[in-house]
Structures are given as C-alpha cells and as structure tokens.
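Visitor: I'm at home with gels and assays, less so with models. Could you walk me through reading this one?

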Amino acid sequence: MEASFLIDMTKCIGCRGCQVACKQWNQNQADKTRISLKFTNPVKLNANTYTNIDFFESEKAGHVSWNFARNGCFHCKQPSCVSACPVAALIKTKEGPVIYRAERCIGCRYCMLSCPFNIPKFEWEKISPRIQKCTFCHERILDNKIPACAKTCPSGTIHFGDSIENNLKEAKRRLSDNPGKYFNHVYGEKEAGGTSVLLLSALPIDQLGFQKVGDAVIPDLTWEYISGIPAIIGVVLAAGIGSWIITRRNKNMHEEDKTNETGTE
Amino acid sequence: MKPAQNNIKLFTPVTLGLLIVIIAGALVVFKKLTLGTVTTNLQDDFPWGLWIGFNVLGGVAMAAGGFVTASAVYLFNMKKYKPLARPAILTAFIGYLLAASAIFLDLGHPERIWHPAVMWQVHSVMFIVAIHVILYTTVLGLESSPMLLEKLKLGGLKKIIEKGMVGIALFGTLLSVLHQSSLGAVYLIVPDKLHNLWYSRTLPFSFLVSSVMMGLAMVSFVSILSSKFFKRPVNMDLFSGLARGSIIAIAFYLVLKIFLLLNGAGAAAAFAGSMESKMYLLEMLAGVIIPLVLLLLPGVRNSLGGILLVDILVIFGVVINRMNVAIFGMLSHAAELGVKYFPTANEIMVSLFLVASGALLFKLAVKYFNVLSYEEG
C-alpha cells in the first residue's frame with residue numbers, strides 16, 4: 001500500500017506536537033524563535049524544519065477564530081523534484097515517500113525550482129550543503145511504524161494508515177456530510193497531478209498560505225521535450241547531411257564549369 | 001604570409017583593466033569555494049540567480065555563433081565565411097568554458113560536477129543539459145584544435161581533424177540545437193512560477209531561435225571588434241551577409257514572439273505597466289524590433305558602425321530575455337512568498353570575473369594563435 005496522509009486542518013488545535021516530534025525523530029536543530037505578526041514559529045519551513053503549523057487569525061461571526069495550516073512535503077504521485085534531479089538523488093519509493101540520497105546530490109537546486117509547493121530546502125550556510133525536506137518517515141514506514149507527526153498528533157488531524165483512494169473517499173465524505181464546515185476542496189487530489197497528502201480546511205486554501213497549483217503532471221511538461229529528442233536528432237542530421245550533399249554538389253558543378261571554361265580557352 | 005598576430009601588444013590599458021577585474025574576482029571565487037553558497041543572496045524561495053541567469057543562460061546563448069558559423073561553413077558550404085569560423089568557434093569554446101565554470105561555482109557541491117556523467121537520470125532536463133555541456137565543450141575543443149596543432153607543428157594530426165571537420169561540425173550543430181533548446185526546456189517545469197509573458201510550452205523553440213539571432217550578432221560583433229582592436233582589414237561583404245541572415249532570424253523570432261504573446265499572456269499584459277511588462281518591452285524593443293528596423297535601412301546595413309550597433313542591441317536583448325526568464329519573471333512568485341532577490345557584491349564580482357576572463361582568453365588566443373588571419377579555402 002502506498003503511504004498517504006489525510007490532514008483535516010479543521011481538527012488542528014495548534015499544539016505543534018507534530019513539529020516537535022518531527023524535529024526529535026530527524027534530530028534536526030531547533031530554530032531561534034522569532035517574533036512575527038503571527039504565532040507561527042519557525043516562520044517558514046527551512047533545512048532544519050520539515051513541517052510547521054502556520055497560525056492564521058480571522059474573524060467569524062464577530063469572534064476571533066483561529067485556523068491552522070500544516071505545511072510539509074506532499075509526496076506527489078509523480079514528483080517534479082524527482083524528474084528534475086539530474087543524478088537521481090531524489091527518488092519516489094514504492095512505499096510512497098519521496099526520499100533524498102545526499103551522497104549523489106551535486107547541489108544544483110533544480111528540485112527547489114521545480115517544486116510547485118516550494119518544499120525542498122537547502123543548507124545555504126554549510127560548505128557541504130544538503131537538500132532537506134520531509135521524508136514521510138520512510139525508515140519508520142519500512143519498520144511498520146507510522147510517521148512521527150501522525151503518531152504524536154493528539155487531535156486526529158493527521159491521519160495515516162489508509163491508501164490514497166480511501167483517504168480521498170473519506171475526505172469527500174467529510175465534505176458532503178458537513179456542509180458549511182469545510183472549504184469545498186480536497187487540496188492534493190488534483191494539484192500537480194495528485195499527491196499522497198490530502199488536505200481539508202475551513203478557509204479557502206490560498207488564505208492559509210498554500211500555493212495555487214495547476215492540475216498538470218509536472219514531469220510530463222519536461223518529458224514532452226525530452227521524449228522528442230530522438231526526432232530532433234533525426235531532423236538535424238537529415239537537414240545537415242542533406243544540405244551538405246546539395247551545397248557540395250552545387251560547388252562541384254561550379255568548379256566543373258570553371259574547368260570547362262578554362263578548357264575551352 | 002607574415003603572421004599578423006605579432007602586431008598585437010600584450011599590455012594595453014584594456015588588458016590591465018581586465019587583469020584588475022580578474023584578480024579581484026579570483027579572490028571572490030576563492031571565497032565562494034571556501035565558504036559556500038552563504039556568499040550569495042540565493043535562498044530557499046529563490047534558488048537560482050545572477051550566475052544561472054546571466055553567465056549560464058546568457059553565456060551559452062552568446063556561444064551560439066560557434067554552431068551558426070560552423071554549420072554555415074561546413075554543412076552549407078558557404079566557404080566565404082570561413083575567415084569567420086575560427087574566431088566564432090573560439091568565442092563559442094571560451095563561452096562554454098565560462099558557462100561551465102559558472103555552473104561549477106553555482107553548485108552546492110562543485111566537487112561532484114562529474115556525477116551526471118555517470119549517474120544518468122534521463123527524465124531530467126538538467127541531466128540533458130549537463131551531458132550537452134560536456135559533449136559540446138569537447139566538440140568545440142576539437143573544432144578549435146587545428147590552431148593549437150599548427151602551433152605545435154603537429155601537421156599530421158591537424159590534417160586528420162580537418163578531414164573530419166564536416167562530421168565534427170554536424171555533431172556540434174546537433175549538440176547545439178539540443179543544448180540551446182534544452183536550456184529553454186529547463187523552465188518548462190515552472191508553470192506556476194514563471195510569469196506568463198515568458199512561460200510557454202514552446203520555450204525550447206524560442207530559446208533555439210533567439211540563440212541563432214544571438215549567434216549571428218556575436219560573430220559579427222566579435223569580428224568587428226577584432227578588426228578595430230587588432231587592426232585587421234575588413235571584408236564588408238561578410239558583414240552584410242551576416243546582416244541579411246540576421247534580418248531573417250530576427251523577423252522569424254518577432255513573428256514567433258507575437259504569436260506566443262497573443263496566444264499566451266495577451267497583448268494587454270505587455271503594456272500593463274508592471275515590472276514584468278517593462279522588462280518584456282525592453283527585451284523586445286532593444287533586442288528585436290529596433291534591430292530589425294535598423295537593419296531594414298540600407299544606410300545602417302551597409303555601414304560597419306550601423307551593424308555594430310545592431311549587434312550590441314541584439315546581444316543585449318537576448319541576454320535580457322534570458323535574465324527575464326531566470327530572474328525577473330520569477331520575482332513576482334517570490335514576492336508572494338515574501339522573498340526578494342538582488343545579487344550580492346560577491347555574485348556580481350564573480351560574474352564580471354567570468355566575462356573579463358573570457359575577453360582576456362580571447363585576446364591571448366588571438367595573439368598567440370592564427371585566429372584572425374586564417375583564410376585558406
């Protein structure tokens with residue numbers, strides 16, 4: 001079965017237990033707490049922070065209302081980062097997680113550019129930098145354990161243990177059973193051709209800091225070019241050889257004309 | 001024939017200026033290699049900057065003169081352009097060496113630059129790009145080798161390479177077509193990030209066509225400057241021929257760009273007054289529309305000064321196009337993520353270092369090898 005998260009952000013209580021569990025399991029350094037207009041900390045994902053809870057304050061019926069957004073890798077079914085990587089440092093495992101093999105990476109950062117969700121982060125300060133991002137706790141999954149964030153989540157926000165299809169069915173059921181409670185969209189169902197992480201939210205997804213991402217399977221966009229390369233090779237070789245033969249014959253004819261002329265003189 | 005290159009002075013004020021930039025830049029290169037990417041303003045939400053936009057994309061486009069000339073001389077048998085082949089191919093060779101250096105410096109792990117050669121990943125455009133940089137730089141080295149071999153008095157080896165030149169030129173043209181277009185294909189992967197004034201499925205084709213335009217301008221530019229700096233006689237016929245080629249390439253590119261604009265962002269987007277629309281108009285006016293109008297005037301087309309001006313405009317315009325795709329067209333997406341990008345002094349110094357190195361290498365090659373006065377059939 002392919003690993004999948006159903007993340008129902010209406011259930012999130014903003015405890016950030018997932019953030020802490022993620023840091024602990026991955027032994028990632030803590031970030032210095034920074035004051036910002038929001039309560040979010042660390043303010044953004046970075047090379048030491050694979051997941052965070054983004055805090056959004058809004059007004060609902062005259063009351064302050066909190067909305068929480070859980071950020072992290074979506075583990076796309078057909079990931080752009082995997083297709084972008086020139087040395088296969090990033091791979092999509094058969095279990096579902098997109099994982100990184102640091103010893104191959106040349107640090108070109110094309111994966112970062114390619115990701116529609118802006119997930120891969122880089123260790124800019126290090127002399128031997130790595131790409132860093134959520135691993136879906138691949139080692140834990142191989143060990144029949146559930147990912148650290150899901151294990152720790154006390155409110156049932158992060159659900160793990162069902163297939164993508166079942167999670168999608170469950171997400172659709174929640175949407176139809178609770179009219180008005182949710183923004184009527186499963187983020188990740190179609191984005192970038194579908195992802196292993198499905199999100200439900202009360203607010204429109206773009207108000208929670210998520211990118212508007214098209215439905216296109218992103219690797220297909222570059223594959224259209226790459227798969228055309230044999231045809232390009234054929235056309236260029238045919239045109240090059242053809243023009244060489246034709247123009248050479250013209251030149252030879254000119255030279256023959258010249259020798260004929262000199263011959264008659 | 002007395003070798004003309006002896007007349008070229010080694011130390012001139014220009015050379016001195018280049019040397020100062022190179023020495024100062026070399027210190028910054030050392031700093032980047034020892035401290036890493038922290039010396040740049042590159043960041044998580046803006047991973048590629050000046051080096052990729054200007055030195056790699058711009059540099060590779062500027063090297064297009066190599067394949068344009070090689071295919072004209074060796075595949076289309078336009079032998080009258082043969083005097084331009086050596087400077088054009090040498091320019092391309094230097095251009096590729098510098099673009100490869102820029103990639104080397106940009107990488108987080110420069111010491112692993114060889115990985116793509118052994119760790120194939122054929123679904124990656126970046127892999128395609130890497131393979132082409134390796135192969136085409138080798139081909140350009142081969143194409144440039146006769147001038148080194150004649151200096152080393154290795155006539156036999158030179159003859160073998162010259163015998164195979166048509167094949168080498170054909171392979172080089174093939175690699176160039178693929179490499180120029182694959183650099184456009186690199187950006188097919190960012191449909192949600194690159195501004196729609198530039199994003200299109202035909203990016204590979206636009207890059208290829210504009211590189212031909214750039215190639216013609218570069219050959220002409222380098223040859224005119226060489227004739228001025230190194231006091232070489234000018235064959236106006238060649239430059240008029242290049243200008244006629246430019247008219248065709250620029251006109252074709254203009255039609256393509258208008259078609260893409262109307263079928264993409266729409267004409268209104270080009271005049272929206274945004275930063276992107278201004279950059280788009282700059283690229284189109286300076287690099288495409290003004291040069292085309294100028295070239296259609298016989299007075300400009302038949303004067304060396306006029307052609308030089310057009311060359312500069314086209315080179316500037318295509319470089320702006322590459323920087324628009326790599327940098328300016330990506331800024332509004334970055335702004336949504338709360339990020340700005342402007343290169344650090346380090347990044348700018350390294351860029352200048354690479355440009356100055358290219359100019360100095362070209363000058364040294366012209367002084368010590370038979371680059372400009374090679375006119376044998």
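Guide: Sure. Start with a working term: a residue is buried if 20 or more other C-beta atoms lie within 10 Å of its own. Keep in mind, too, that this is a predicted model.

Visitor: Then let's try a strand. Which way do the residues of strand β9 of chain A point, and are they buried or exposed?

Guide: The general idea is that side chains in a regular strand alternate between the two faces of the sheet. Here, Val197(A) and Leu199(A) point one way from β9 (197-200), while Leu198(A) and Leu200(A) point the other. All of them are buried.

Visitor: What does β9(A) pair with, and in which sense?

Guide: β9(A) pairs with strand β1 (residues 5-8) of chain A, in the parallel sense, over four bridges. For one of the partners, look at Phe5(A): its bridge partner in β9(A) is Val197(A).

Visitor: And Leu198(A), what touches that?

Guide: Asn167(A) does, if we skip neighbours up to four places away in sequence. Asn167(A) also touches Ser4(A), Leu6(A) and Asp162(A). Asn167(A) sits in helix α6 (residues 164-177) of chain A.

Visitor: Why is Asn167(A) classed as buried?

Guide: Because 23 other C-beta atoms lie within 10 Å of Asn167(A), and the cut-off is 20 or more.

Visitor: How is chain A divided?

Guide: Into domain 1 (5-78 + 130-216) and domain 2 (228-264). The C-alpha centres of these two domains of chain A lie 63 Å apart. For a residue-level view, the C-alpha atoms of Asn167(A) and Ile232(A) are separated by 43 Å, with their positions 65 residues apart along the chain.

Visitor: Now the two chains together. How many residues are in contact?

Guide: People often give the size of an interface as the accessible area lost when the parts come together. What we have here is a residue count: 45 residues of chain B are in contact with 51 of chain A. On chain B, the elements giving two or more residues to that side are α3 (65-75), α5 (115-118), α6 (125-151) and α8 (165-185). α8(B) gives the most, with seven residues. By class, this side of chain B has 29 nonpolar, twelve polar and four charged residues.

Visitor: How do I check α8(B) as a helix?

Guide: Compare spans. At 1.5 Å a residue, its 21 residues should cover 30 Å, and the end C-alpha atoms are 29 Å apart, which agrees. Also, 17 of the 21 residues are buried, so α8(B) is largely enclosed by the rest of the structure.

Visitor: And helix α4 of chain B?

Guide: α4(B), residues 82-106, reaches 36 Å from its first C-alpha to its last, close to the 36 Å expected. α4(B) is mostly covered, with 20 of its 25 residues buried.

Technical notes. Residues are numbered from 1 along each chain as its sequence is written. Chains are lettered from A and ligands numbered from 1 in the order in which they are written. This is a predicted model: local features need pLDDT of at least 70, side-chain atom pairs count only at pLDDT 80 or more; totals for chains, interfaces and linings use all residues. Two residues are in contact if their C-beta atoms, placed from the backbone, lie within 7 Å. Ala, Val, Leu, Ile, Met, Phe, Trp, Tyr, Cys and Pro count as nonpolar, Asp, Glu, Lys and Arg as charged, and the others, Gly among them, as polar. Domain bounds come from an automatic or database domain assignment. The expected span of a helix is 1.5 Å times one less than its number of residues. A residue is buried if 20 or more other C-beta atoms lie within 10 Å of its own, exposed if 12 or fewer, and partly exposed in between; C-beta atoms are placed from the backbone. Two strands pair if DSSP finds at least two bridges between them.
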